[in-house]
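Let's take a friendly walk through a protein model together. Keep the sequence and the 3D view open as you read.

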Amino acid sequence: MKKPVVKVDFVDESPKNGKFKSRRRFIKIGGLAFAGSSFLMYSCSEDDDFNPGQQQGPDPEPEEPEEPEEPEEPMEPEEPAAFDLGSGDVGILNYAYALEQLEAAFYTAVRAGDYYSGAPAEEQELIDDLYNHEVIHREFFRAAITAAVGEGNEDMVLPDLEFNTDSIDFNDRTSVLETARLLEDTGVAAYNGAGDRLESATYLTIAGKIVSVEARHASAIRSLLNPQSADFAGDDILVDIQGTGIAYDRAADPSEIISEAGGFIATEFTADNLPSPMTGA
């Protein structure tokens, strides 16, 4: 590489120039010295490594850039599996508990609506009775199932359900009472269809005591819908058994009941392991 040439002009140091000339010469030479050192550093940097008597090696081959790794797609969280009611007596108790939760939630909403607030005192008292009964039934099943599964197995107890009541006008008397009749009739059929699936005589006896109350509820609602008629007897839903006559409440399979009530239940659950009927009644 061609090095830059520095030209130096010498200044006459005759006495006639005096100290002023000497001072200018000092500044000029000092400036040249700084410039020369700058050129030296520049030339060294241009020559990369200063290796006198050695040949410069070949330039290293450039490394190929690494391909960027593709970002991993975030894993979607798995949805929790739907609760299954379970098997044996616990499964049947959970099944009844689901229905009692529904009825208690329904009457809670009824008491918060305009129909209830504007209803005659006699009707309000009836709705209050139905509400209190269903809440007691609900809490009974919660306690019974918790005791049956034992400590540490609380995940076998049906959780609190959420409900969809958009189809019900809680400000309208007919809408409320027709829905109440449907739920009470469904409750009676559900208990009748589940009774012969229970192994425990204690649970069967309690189920019998609850279903009789549900039947009273259904009768009371029918009387409100059509006073001074025979509708309270529910002849439209009675069935015949072995040709003895139409005088028995119908019994429905859990799958049928869940289908009928499913429109009101927003929380998904399954009933895949419920016991089969023992008598076929």
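A search of the whole structure finds four aromatic pairs. Rings of Phe, Tyr and Trp (its six-membered ring) pair if their centres lie within 6.5 Å; planes under 30 degrees apart count as stacked, over 60 as edge-to-face and the rest as tilted. Phe106 and Tyr107 form one of these pairs, which is edge-to-face, with 4.9 Å from centre to centre and 65 degrees between the planes. Another edge-to-face pair is made by Phe140 and Phe141, at 5.2 Å centre to centre and 70 degrees between the planes. Phe106, Tyr107 and Phe170 are linked into a cluster by ring pairs.

Before going on, please note that this is a predicted model, in which local features need pLDDT of at least 70 and side-chain atom pairs count only at pLDDT 80 or more, while totals for chains, interfaces and linings use all residues. Residues are numbered from 1 along each chain as its sequence is written, and side-chain values use heavy atoms, with hydrogens and water left out.

How much do these rings show at the surface? Here "buried" means under 20% relative accessible area, "exposed" over 50%, and "partly exposed" in between (1.4 Å probe, protein chains only). Phe106 and Tyr107 are both buried. Phe141 is buried too, with a relative accessible area of 4%, whereas Phe140 is partly exposed at 30%.

Now for the overall plan. The protein chain has seven helices and four strands, which are DSSP runs numbered from the N terminus (helices: H or I, at least four residues; strands: E, at least two). From the N terminus on, the elements run α-β-α-α-α-α-α-β-β-α-β. Of the 281 residues of the chain, 30% count as buried.

Next come the charged side chains. The structure holds twelve salt bridges, each being a side-chain nitrogen of Lys or Arg within 4 Å of a carboxyl oxygen of Asp or Glu. Three of them are listed here.

| Salt bridge | Closest N to O distance |
|---|---|
| Asp128 and Arg111 | 3.0 Å |
| Arg181 and Glu178 | 3.1 Å |
| Asp236 and Arg222 | 2.9 Å |

Arg181 and Glu178 both lie in helix α5, three residues apart, about one turn of the helix. Asp236 and Arg222 link distant parts of the chain: Asp236 is in the loop between α6 (201-225) and β2 (238-240), and Arg222 is in helix α6, 14 residues apart. Asp236 is exposed at 55% relative accessibility, while Arg222 is buried at 6%. Salt bridges that share partners join Glu178, Arg181, Asp185, Arg222 and Asp236 into one network. Asp185 itself is in helix α5 (residues 173-194) and is buried, with a relative accessible area of 11%.

Arg111 has another partner besides Asp128: its charged end sits over the ring of Tyr131, 4.2 Å from the centre. For this, NZ of Lys or CZ of Arg must be within 6 Å of the ring centre and within 35 degrees of the ring normal.

Finally, which side chain of opposite charge is nearest to Glu100? That is Arg138, 8.3 Å away, and Glu100 is buried yet has no salt bridge. Lys and Arg count as positive and Asp and Glu as negative; His and the chain ends are not counted. Glu100, found in helix α2 (residues 88-110), does have a polar contact of 2.6 Å between its side chain and that of Tyr191. A polar contact is a pair of N or O atoms within 3.5 Å; within protein, one must be able to donate a hydrogen and the other to accept it, and residues adjacent in sequence count only if both atoms are side-chain atoms.
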